[in-house]
Amino acid sequence: NAAWRSLKTSPVETRSLWRENSMNLKGKLEMFIDIFPASEVDSKPRLYRPVPIAPPKRNRYLLRLVIFNTEDVRLPYTRDPEKQNV
């Protein structure tokens with residue numbers, strides 16, 4: 001469509017990404033559409049390859065936490081096996 005292609009910028013649609021059972025926004029997805037004639041796509045298939053949109057691989061992390069100034073806290077374990085938490 002010539003009118004669509006003559007636009008200076010493509011119209012962008014934004015969708016919010018939510019996790020089930022959560023009120024926190026997880027991100028936004030911005031989408032735009034390019035419309036090409038089928039003859040153009042067929043003549044240049046290398047230019048119009050699908051883009052993979054799979055999520056990135058998950059990475060494992062180790063979290064270390066230091067807590068200061070606690071009162072009346074019972075730990076379920078101790079570092080010293082000779083001592084027992086009471």
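This section describes the fold, surface and selected residues of a predicted model.

The protein chain contains two helices and two strands. Read from the N terminus, the order of these elements is α-β-β-α. The chain has 86 residues, and buried residues make up 1% of them. Its accessible surface comes to about 9900 Å². Carbon and sulfur atoms account for 54% of that surface. Among contacts with a separation of 6 or more, 17% involve residues 24 or more positions apart.

The two strands pair with each other. Strand β1 covers residues 12-18, and strand β2 covers residues 25-32. The strands run antiparallel and are joined by seven bridges. Together they make a hairpin, with six residues between the strands. Across this pairing, R15 stands opposite L29 of β2.

G27 shows how the hairpin is packed at the residue level. This glycine belongs to strand β2. Beyond residues up to four places away in sequence, G27 touches R15, S16 and L17. G27 and L17 are ten residues apart along the chain. Their C-alpha atoms are separated by 5.1 Å.

L17 itself is part of strand β1. With a relative accessible area of 39%, L17 is partly exposed. That value lies between the 20% and 50% cut-offs, so L17 counts as neither buried nor exposed. L17 also contributes to a nonpolar patch on the surface, together with L29 and M31. The three residues of the patch have about 230 Å² of accessible area together. L29 thus appears in two settings: it takes part in the patch, and it stands opposite R15.

R15 also takes part in a charged pair. The structure holds one salt bridge. It links R15 with E13. The closest N and O atoms of the pair are 2.6 Å apart, which puts them within the 4 Å cut-off for a salt bridge. Side chains of opposite charge can pair when their charged atoms come close. Both partners are partly exposed. R15 has a relative accessible area of 47%, and E13 has one of 37%. Each value is over 20% but not over 50%, so neither R15 nor E13 counts as buried or as exposed.

Backbone geometry picks out two asparagines. Most residues other than glycine have a negative phi. N21 has a positive phi, near 65°. This residue sits in the loop between β1 and β2, so the positive value falls within the hairpin of those strands. N21 is exposed, at a relative accessible area of 81%. N69 likewise has a positive phi, in this case near 60°. N69 is located in the segment after α2. Its relative accessibility is 80%, and N69 therefore counts as exposed, the cut-off being over 50%.

D34 lies on the far side of β2 in sequence, in the loop between β2 (25-32) and α2 (38-43). D34 is partly exposed, with a relative accessible area of 42%. Apart from neighbours within four places in sequence, D34 is in contact with W4 and S10. R5 is 29 residues from D34 in sequence. In space, the C-alpha atoms of D34 and R5 are 8.1 Å apart.

Conventions. Residues are numbered from 1 along each chain as its sequence is written. This is a predicted model: local features need pLDDT of at least 70, side-chain atom pairs count only at pLDDT 80 or more; totals for chains, interfaces and linings use all residues. Side-chain values use heavy atoms; hydrogens and water are left out. Helices (H or I, at least four residues) and strands (E, at least two) are DSSP runs, numbered from the N terminus. Buried means under 20% relative accessible area, exposed over 50%, partly exposed in between (1.4 Å probe, protein chains only). Contact means heavy atoms within 4.5 Å. A salt bridge is a side-chain nitrogen of Lys or Arg within 4 Å of a carboxyl oxygen of Asp or Glu. Patches are made of residues with over 30% relative accessible area and no salt bridge: like charges are joined within 9 Å, nonpolar side chains (Val, Leu, Ile, Met, Phe, Trp, Tyr) within 5 Å. Accessible areas come from the Shrake-Rupley method with a 1.4 Å probe; for residues, only the protein chains shown count as cover. Two strands pair if DSSP finds at least two bridges between them.
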